[in-house]
Amino acid sequence: MDKRFFVADAAFPRLDVCLASLTEFTRSRIKKLIDEGMVHLNGKTAKPKDPVAVGDGVELFLPEPETIDVRPENIPVDIVYEDECLAVVNKPQGMTVHAGSGVNSGTLVNALLYRLDSLSGINGKIRPGIVHRIDKDTSG
């Protein structure tokens with residue numbers, strides 16, 4: 001477990017806003033950690049709406065990342081653009097994006113793991129992450 005300690009050098013109306021500004025985590029991720037008791041304000045468990053004053057001590061306890069096993073698969077995929085930070089893909093209709101709900105292979109993630117050097121992890125999980133706004137039955 002990773003522990004981070006912060007001393008507030010400015011006042012914040014809410015603890016979740018404070019930690020979102022001090023860390024790389026989104027406010028929703030911070031709220032989840034607070035709700036799970038993984039954040040202490042001045043040594044006590046806290047709530048997302050607790051105010052933070054100058055000099056307050058904030059402890060953030062991060063659980064070890066969960067490893068999810070996803071294997072590269074040689075699946076043809078149309079990569080429209082690629083550089084060292086970004087890949088734009090034309091996903092075919094019917095292809096699932098992430099494994100889950102009984103689907104463990106044949107996904108866009110499996111195909112990209114085969115074609116690209118790496119994919120970022122997301123939300124405290126060591127799993128390949130991709131950003132998308134497209135469902136299985138849509139192409140684009």
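1. Let's start with a helix and what lies under it. Helix 1, residues 15-22, lies across strand 1, strand 2 and strand 4. Relative to strand 2, helix 1 runs at about 110 degrees. Please keep in mind as you read that this is a predicted model.

2. Here is the overall layout, to help you find your way around. The protein chain has three helices and eight strands. Read from the N terminus, the elements follow the order β-α-α-β-β-β-β-β-β-α-β. Of the 140 residues in the protein chain, 35% are buried. The accessible surface comes to about 8900 Å², and carbon and sulfur atoms account for 51% of that surface. Among contacts with a separation of 6 or more, 59% are between residues 24 or more positions apart.

3. Next, the sheet beneath helix 1. Four strands make up an open sheet, in the order 1-4-2-3, with antiparallel pairing. Strand 1 and strand 3 (44-45) each have a single partner strand, so each of these edge strands has one side without a neighbour in the sheet.

4. Strand 4 deserves a closer look. Which residues of strand 4 lie on each side? Gly57, Glu59 and Phe61 are on one side, while Val58, Leu60 and Leu62 are on the other, and all of them are buried. In a regular strand, side chains alternate between the two faces of the sheet. Strand 4 spans residues 57-62, and six of its six residues are buried, so each of them has under 20% relative accessible area. Both faces of this strand are therefore covered.

5. Now the partners of strand 4, one at a time. With strand 1 (residues 2-7), strand 4 pairs in the antiparallel sense over six bridges. Within this pairing, Lys3 stands opposite Phe61, and Arg4 has Leu60 as its bridge partner. With strand 2 (residues 39-41), strand 4 also pairs in the antiparallel sense, here over three bridges. On that side, Glu59 is the bridge partner of His40.

6. Two residues further along the sheet are worth selecting in your viewer. Asn42 sits in the loop between strand 2 and strand 3. The phi of Asn42 is near 55 degrees, a positive value in a residue other than glycine. Is Asn42 buried or partly exposed? Its relative accessible area is 44%, so Asn42 counts as partly exposed. Thr45, in turn, is found in strand 3. With 60% relative accessibility, Thr45 counts as exposed, because the cut-off for that class is over 50%.

7. Thr45 can also be placed by its surroundings. Apart from neighbours within four places in sequence, Thr45 is in contact with Gly37, Val39 and His40. Thr45 and Glu59 are 14 residues apart along the chain, and 9.4 Å separates their C-alpha atoms. Glu59 belongs to the strand 4 residues listed above as buried.

8. A second region involves helix 3, residues 108-115. Six of the eight residues in helix 3 are buried, leaving this helix mostly covered. Which residues of helix 3 are buried? They are Leu108, Val109, Asn110, Ala111, Leu112 and Leu113. These buried residues pack against strand 6 (78-82) and strand 7 (87-90).

9. The two strands that helix 3 packs against are also joined to each other. A hairpin of four residues links strand 6 to strand 7. Strand 6 and strand 7 pair in the antiparallel sense, over four bridges. As one example, Glu82 stands opposite Ala87 in strand 7.

10. Val88 offers a good view of that hairpin. This residue is found in strand 7. Val88 has a relative accessible area of 37%, so Val88 is partly exposed. Leaving out neighbours within four places in sequence, the contacts of Val88 are with Asp78, Ile79, Val80 and Tyr81. Between Val88 and Asp78, which are 10 residues apart along the chain, the C-alpha atoms are separated by 8.7 Å.

11. Finally, a word on the aromatic rings. How many aromatic pairs does the structure hold? The number is zero. There is, however, a charge over a ring: Arg29 lies over the face of Phe25, at 6.0 Å from the ring centre.

Terms used
Residues numbered from 1 in each chain as written. Predicted model: local features only at pLDDT ≥ 70, side-chain atom pairs only at ≥ 80, totals over all residues. Heavy atoms only, no water. Buried < 20%, exposed > 50% of the residue type's maximum accessible area, 1.4 Å probe, protein only. Pairing = 2+ DSSP bridges. Contact = heavy atoms within 4.5 Å. Axes fitted to C-alpha atoms, helices over the stretch in contact; angles between N-to-C directions. Phe/Tyr/Trp six-rings, centres within 6.5 Å; stacked < 30°, edge-to-face > 60°. Lys NZ or Arg CZ within 6 Å of the ring centre and 35° of its normal. Areas by Shrake-Rupley, 256 points an atom, 1.4 Å probe, with all protein chains shown as cover.
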